[in-house]
Amino acid sequence: MDRRKSAALAMLSFAMLIVSLDQYIVVVALPEIGRELGYSAHTLQSVISAYAIASSGFLLFGGRAADVLGRRRMLMTGLVLYGVASLAGGLATGPAWQLTARAVQGLGGALVFPSTLAIINTMFSEGRDRNRALGIWGGSGAAGLVIGVLLGGALTRVFGWEAVFFVNVPLVATALVLAVPLLDRGRPEVRRSFDLPGALTATGGITLLVFTLVQGPALHWSTIVGTSAVAVVLLVSFIGIERRSPDPLVPPNLLKNRVLVVAMVIAFLFMATFGSLLYFLSLYFQDVRGYDPLQTGLGFLVPTAVVVTGSTVAGRAVTRFGLRRTLLAALVIGAVGAVTLGLGMSAGGSYVALVPGLVLVSVGDGAVFTMMFIAAATGVSDRMQGVASGVVSTSSGIGASVGLAVLVLVANAHTSGLVGEELRAAAAEGIRTTVFVIGAGILLTLLFALRLRRPVTASCH
């Protein structure tokens with residue numbers, strides 16, 4: 001790997017780290033945000049869901065835009081949106097202002113995420129070089145999810161909740177300065193049209209679907225029925241538009257790549273399981289163990305180090321042992337880790353009892369995160385890398401929403417009406433059960449990973 005490519009990879013991994021951070025950096029700051037800005041207990045979760053809904057809805061659009069309009073251009077546009085929205089979120093004086101900023105952050109992340117992935121996949125040839133590059137990029141992304149909780153705790157404790165938003169501004173500025181000299185401008189594909197009707201119906205349908213899944217428990221049944229119906233209509237319309245479009249948003253041949261389709265399923269299940277675990281760990285540390293934001297962040301030091309290692313090593317392991325074999329091993333380790341972690345959880349347990357499970361589940365987390373994107377790029381031509389990245393990223397975003405919606409119900413099944421010590425004991429038991437369910441979900445992912453095979457064709461046009 002020459003120096004220029006190495007420097008570009010470092011910049012792209014840094015951009016990935018920035019957008020990954022924000023998925024969980026606000027989690028430990030939520031109680032303070034709620035008190036100061038006047039959120040109710042029912043609306044506070046919207047600080048997270050506003051980002052998730054916008055990000056999931058626009059990922060497919062962002063991936064296709066990167067292919068058609070230029071990958072560096074979309075990356076930098078996304079970073080600018082992300083930085084401006086972060087500044088606005090930190091300056092917010094009320095929920096409406098802040099939730100709007102969070103939605104714009106999600107839009108920025110939806111442009112950055114598939115752009116970084118598409119640039120790497122076209123910069124490095126399939127095989128050893130790409131696997132190694134995606135290991136580094138994946139390490140940054142997977143670590144960002146965990147570092148976000150650690151950094152959020154420290155910033156909230158020392159500077160207040162505003163810092164979890166303001167910290168993004170200098171990070172984004174640095175990434176923008178580095179992007180200009182390190183990344184080729186590239187040329188937009190002027191001979192290809194952008195399927196605007198397809199983009200609008202897909203984005204609208206996915207956004208409404210994720211909104212319904214995330215906000216469902218707080219919505220009236222008539223609203224749920226209404227938003228679900230509109231989402232279905234939009235997605236059915238999208239399918240019809242795609243069939244008639246001369247240059248569809250998602251080329252039909254792309255979905256004939258069996259490895260890509262399996263990667264989509266794995267990405268969905270990964271975020272529904274591994275991706276949801278961080279949220280419940282944070283609740284366990286704060287609501288059951290009584291940790292403050294800084295202590296909660298420090299509790300994630302062990303998984304952070306292991307996740308980074310697992311992601312980085314995964315790329316090399318795939319080159320040596322093959323994608324399918326390495327992925328299956330990582331999923332087995334992750335499932336064992338989830339069960340071990342659940343066994344170590346109790347209202348009166350210690351952090352030390354959690355360490356074996358944290359280590360094992362974090363190995364699986366980091367490795368699977370990298371490998372699902374290696375799979376997504378396998379057998380896909382350079383001109384389709386952006387939309388392939390967007391398709392898999394969208395699947396992961398929907399998986400995160402579905403997983404969290406279901407698992408929150410599991411965790412809170414027996415906490416209604418309880419207070420004090422009874423509530424703490426019930427919360428511990430609920431989270432413990434949820435972690436076991438996550439372990440079962442990881443095993444389900446393994447069944448789909450068994451279907452991984454090399455694509456029939458060398459590329460998708």
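Buried means under 20% relative accessible area, exposed means over 50%, and partly exposed lies in between. The exercises below apply these classes to a predicted model.

**Exercise 1. Classify Arg424 and describe its salt bridge.**

Step 1. Arg424 has a relative accessibility of 25%, so Arg424 counts as partly exposed.

Step 2. The partner of Arg424 in a salt bridge is Glu421, with 3.0 Å between the closest N and O atoms. The cut-off for such a pair is 4 Å.

Step 3. Both residues belong to helix H17 (residues 420–449), where they are three residues apart, about one turn of the helix.

**Exercise 2. State how many salt bridges the structure holds, and work through two others.**

Step 1. The structure holds six salt bridges. Side chains of opposite charge can pair when their charged atoms come close.

Step 2. Asp129 and Arg128 form one of them, at 3.5 Å from N to O. Asp129 has 36% relative accessibility and therefore counts as partly exposed. Arg128, at 55%, counts as exposed.

Step 3. Arg157 pairs with Asp292, the closest N and O atoms being 2.8 Å apart. Arg157 is in helix H6 (residues 128–159), while Asp292 is in the loop between H11 and helix H12 (293–299), so this salt bridge ties together parts that are 135 residues apart in sequence.

Step 4. The relative accessible area of Arg157 is 48%, which makes Arg157 partly exposed. Asp292 is also partly exposed, at 24%.

**Exercise 3. Locate the largest cavity and describe its lining.**

Step 1. A search of the whole structure gives one cavity of 30 Å³ or more. The largest cavity holds about 60 Å³ of space.

Step 2. Its lining consists of Val146, Phe274, Leu277, Leu278, Leu281, Pro303, Val307, Val361, Ser362 and Asp365.

Step 3. Two or more lining residues come from each of helix H11 (258–288), helix H13 (301–321) and helix H15 (355–377). H11 gives the most, with four residues.

Step 4. By type, the lining divides into eight nonpolar residues, one polar and one charged.

**Exercise 4. Compare separation along the chain with separation in space for Ser55, Asn121 and Met271.**

Step 1. Ser55 sits in helix H3 (residues 46–69) and is buried, with a relative accessible area of 13%. Ser55 and Gly397 are 342 residues apart along the chain, yet their C-alpha atoms are separated by 7.4 Å.

Step 2. Asn121 is part of helix H5 (residues 95–123) and counts as buried at 1% relative accessibility. From Asn121 to Gln385 the separation is 264 residues in sequence and 6.8 Å in space, C-alpha to C-alpha.

Step 3. Met271 belongs to helix H11 and, at 8% relative accessibility, counts as buried. Met271 and Ala305 are 34 residues apart along the chain, with 20 Å between their C-alpha atoms.

**Exercise 5. Identify the nonpolar surface patch that contains Val169, and place Val169 in the fold.**

Step 1. The patch is formed by Leu87, Leu91, Trp97, Phe166 and Val169. Together these residues have about 420 Å² of accessible area.

Step 2. Val169 lies in helix H8 (residues 168–182). With a relative accessible area of 30%, Val169 is partly exposed.

Methods:
Residues are numbered from 1 along each chain as its sequence is written. This is a predicted model: local features need pLDDT of at least 70, side-chain atom pairs count only at pLDDT 80 or more; totals for chains, interfaces and linings use all residues. Side-chain values use heavy atoms; hydrogens and water are left out. Patches are made of residues with over 30% relative accessible area and no salt bridge: like charges are joined within 9 Å, nonpolar side chains (Val, Leu, Ile, Met, Phe, Trp, Tyr) within 5 Å. Accessible areas come from the Shrake-Rupley method with a 1.4 Å probe; for residues, only the protein chains shown count as cover. A salt bridge is a side-chain nitrogen of Lys or Arg within 4 Å of a carboxyl oxygen of Asp or Glu. Buried means under 20% relative accessible area, exposed over 50%, partly exposed in between (1.4 Å probe, protein chains only). On a 1 Å grid over the protein atoms alone, a cavity is a set of points where a 1.4 Å probe fits but cannot get out, and a pocket is an open set with protein on both sides within 12 Å along at least five of seven lines; lining residues have an atom within 4 Å of a point. Grid points are joined across faces, edges and corners, and a volume is the space filled by probe spheres set on the points. Ala, Val, Leu, Ile, Met, Phe, Trp, Tyr, Cys and Pro count as nonpolar, Asp, Glu, Lys and Arg as charged, and the others, Gly among them, as polar.
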